[in-house]
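Open the model in your viewer and keep the selection tool at hand. We will go from one stop to the next, and at each one there is something to pick out.

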Amino acid sequence: QLLWNYLRDYGSIDRMLDDAHVTFVTFNYDRSLEHYFYTVLRHHFQAETPKVEQFLKHNIFHVHGMLGSYRRIGNPPYRQYTTRCDIEMIKRAMEGIKIVHEVEQFTQHTEITERLEYADRLVFLGFHYHRENLKKLFNGLRKRNMKVSGSSFGLSKLECATAKRRIAEALSMESNDIQIVTDTNLGCYEYLR
């Protein structure tokens, strides 16, 4: 919601599609991010479904798959966003997810790398900075000068320092240039504010 408060200032979906350069790389399987943006974009901008779907398809990447493609965005299996659940729905959802160790390289890795290479700022939210995930995320990325920061809810000070070191190694940066907040009681919303 906090990010949406800034995005809606673009005034129209067309301006937002042209000028708002925001990318979400998520390690989560759920589609709540898509559902939220689908809902607010359709209602606030009175946007046509194809334009909303364009935003979702080109700006949200699920690197470990998801519980079925949201609406008909992405590849099958498709699954409605609902609390109703039956065995067939569970089977379809299972087809779309991958466990961390099953993923050699992220799907859409080339697109994600391209977005990261042009990014001015990289913000980690609710992330635990697992070494293998960072390696996969930054694999093939040329050295970049970008602002890197992240939340650390529930992490120890040692884990925060380790996260900084891992990111620095992966991006060939100085760890002092990476800001992982040390207030480990801040949730993502409070951290962004």
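Start by selecting threonine 113 and showing its surroundings. Leaving aside its neighbours within four places in sequence, threonine 113 is in contact with Asn139, Gly140 and Leu141. The residue belongs to helix H6, which covers residues 109–118. Is threonine 113 buried or exposed? With a relative accessible area of 8%, threonine 113 is buried, since the cut-off for that label is under 20%. Bear in mind as you look around that this is a predicted model.

Now stay with one of those contacts, Gly140. Glycine 140 comes just after helix H7 and takes a positive phi of about 85 degrees. Step back along the chain and select H7 itself, residues 131–138. Which of its residues are buried? Colour Asn133, Leu134, Lys136, Leu137 and Phe138, and you have the buried residues of this helix. Next, bring up what covers them: strand S1 (24–26), H6, S5 and H8 are included in that cover. H6 is the helix that holds threonine 113.

From that cover, pick strand S5, residues 121–124, together with strand S6, residues 147–150. These two strands pair in the parallel sense, over four bridges. For a single bridge to look at, select leucine 122, whose partner in S6 is valine 148. Then carry on across S6 to strand S7, residues 178–180. How many bridges join S6 and S7? There are three, and the sense is parallel here too. To see one of them, select glycine 150 and its bridge partner in S7, isoleucine 180. While the strands are on screen, a general point: in a regular strand the side chains alternate between the two faces of the sheet.

The next two stops concern backbone angles. Most residues other than glycine have a negative phi. Serine 172 has a positive phi of about 55 degrees although it is not a glycine. You will find serine 172 in the loop between helix H8 (157–171) and S7. Its relative accessible area is 45%, so serine 172 counts as partly exposed.

Glutamine 46 is another non-glycine residue with a positive phi, here about 50 degrees. Look for glutamine 46 in the loop that runs between helix H3 (32–44) and helix H4 (49–59). Is this residue buried or exposed? Glutamine 46 is exposed, with a relative accessible area of 66%.

Follow the chain into H4 and select glutamate 53, which lies in that helix. Glutamate 53 counts as partly exposed, at 23% relative accessibility. Add tyrosine 70 and draw a C-alpha to C-alpha distance: the two residues are 17 apart in sequence and 9.5 Å apart in space.

Finally, zoom out to the whole chain. Its secondary structure comes to nine helices and seven strands. The radius of gyration is 17 Å, close to the 16 Å that the globule rule gives for 193 residues, so the chain is as compact as a globular protein of that length. Along its principal axes, the C-alpha trace spans about 45 × 40 × 35 Å. Among the 193 residues, 39% count as buried. Of the contacts with a separation of 6 or more, 73% are between residues 24 or more positions apart. If you switch on the surface, about 11900 Å² is exposed, and carbon and sulfur atoms supply 47% of it. To end, colour by charge: the mean positions of the 27 positive and 24 negative charges are 1 Å apart.

How values were computed:
Residues numbered from 1 in each chain as written. Predicted model: local features only at pLDDT ≥ 70, side-chain atom pairs only at ≥ 80, totals over all residues. Heavy atoms only, no water. Rg over C-alpha atoms; globule rule 2.2 N^0.38 Å. Buried < 20%, exposed > 50% of the residue type's maximum accessible area, 1.4 Å probe, protein only. Contact = heavy atoms within 4.5 Å. Areas by Shrake-Rupley, 256 points an atom, 1.4 Å probe, with all protein chains shown as cover. Lys, Arg positive; Asp, Glu negative; His and termini not counted. Charge placed at Lys NZ, Arg CZ, Asp CG, Glu CD. Pairing = 2+ DSSP bridges.
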